[in-house]
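Visitor: I am new to this structure, and I would like to take a close look at a single part of it. Could you guide me through that part with some care?

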Amino acid sequence: MNAMLASDLPLPRIGRGKVRDIYAVGDDRVLLLTTDRISAFDVVLPRAIPCKGQVLSQLSWHMLQATAHIAPNWAIASPDPNVVIGHRC
């Protein structure tokens, strides 16, 4: 199974974190893409964990939806877990 170490979308990339890549989508929205990269102690390790990005995204989406009634947040949409972009988990 392949792991996604980097993304290359046809959108303007405005940032890259240790595990997430940030793309501009229009003038007022961003896309956070979570990769399978591993970070520890502020270092990105050379190997990756397949499907780690999908799990992190689903966990973040769940928690943002579960707490939205307490504190409104930035989350607008998340793809269905069965959407495959690049590789299959």
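Visitor: Are Asp21 and Arg37 buried or exposed? Please look closely at that pair and at what surrounds it.

Guide: Before turning to the pair, please keep in mind that this is a predicted model. Asp21 and Arg37 are both buried, and their side chains meet in a salt bridge, with 2.9 Å from N to O. Asp21 lies in strand β2 and Arg37 in strand β4, so this salt bridge ties together parts that are 16 residues apart in sequence. For Asp21 the relative accessibility is 0%, and because buried means under 20%, this residue counts as buried.

Asp21 also has a second partner, since it forms a salt bridge with Arg16, where the closest N and O atoms are 3.4 Å apart. Arg16, unlike the buried Asp21, counts as partly exposed, at 45% relative accessibility. Taken together, Arg16, Asp21 and Arg37 are linked in a network of salt bridges.

The structure holds three salt bridges, and one of them involves Lys18 and Asp42, whose side chains meet at 3.1 Å from N to O. Lys18 lies in the loop between β1 and β2, while Asp42 lies in the loop between β4 (37-40) and β5 (43-48), so this pair ties together parts that are 24 residues apart in sequence. Lys18 counts as partly exposed, at 36% relative accessibility, whereas Asp42 is exposed, with a relative accessible area of 66%.

To place Asp21 in its surroundings, it helps to look at the sheet. Three strands form an open sheet in the order β1-β2-β3, and their pairing is antiparallel. The edge strands are β1 (13-16) and β3, each of which pairs on one side only, and the twist from one strand to the next averages 20°.

On one side of β2, the pairing with β1 is antiparallel and runs over three bridges, and in this pairing Arg13 has Tyr23 in β2 as its bridge partner. The connection from β1 to β2 is a hairpin, which passes through three residues. Strand β2 (residues 20-24) also pairs with β3 in the antiparallel sense, here over five bridges. In the hairpin of β2 and β3 there are five residues between the strands, and Gly26 takes a positive phi near 80°.

Within the pairing of β2 and β3, Asp21 stands opposite Leu33 in β3, and Arg20 stands opposite Thr34 in β3. As a general point, the side chains in a regular strand alternate between the two faces of the sheet.

Thr34, the residue opposite Arg20, deserves a closer look of its own. Thr34 belongs to strand β3 (residues 30-34), and with a relative accessible area of 10% it is buried. The side chain of Thr34 makes a polar contact of 3.3 Å with the side chain of Arg20, and another polar contact, of 3.2 Å, joins the side chain of Thr34 to that of Ser57. Once neighbours within four places in sequence are left aside, the residues in contact with Thr34 are Met4, Val19, Arg20, Gly53, Leu56 and Ser57.

Finally, stepping back to the whole protein, its secondary structure comes to one helix and five strands, and read along the sequence these follow the pattern β-β-β-β-β-α. The protein has 89 residues, and buried residues make up 19% of them; Asp21 and Arg37, the pair you asked about, are both buried. Among the contacts in the protein with a separation of 6 or more, 32% are accounted for by residues 24 or more positions apart. The protein exposes about 6,600 Å², and carbon and sulfur atoms supply 60% of that area.

Definitions and conventions: Residues numbered from 1 in each chain as written. Predicted model: local features only at pLDDT ≥ 70, side-chain atom pairs only at ≥ 80, totals over all residues. Heavy atoms only, no water. Helix = DSSP H or I, 4+ residues; strand = E, 2+ residues; numbered from the N terminus. Buried < 20%, exposed > 50% of the residue type's maximum accessible area, 1.4 Å probe, protein only. Polar contact = N/O pair within 3.5 Å; in protein donor to acceptor, adjacent residues only side chain to side chain. Contact = heavy atoms within 4.5 Å. Pairing = 2+ DSSP bridges. Axes fitted to C-alpha atoms, helices over the stretch in contact; angles between N-to-C directions. Areas by Shrake-Rupley, 256 points an atom, 1.4 Å probe, with all protein chains shown as cover. Salt bridge = Lys/Arg side-chain N within 4 Å of Asp/Glu carboxyl O.
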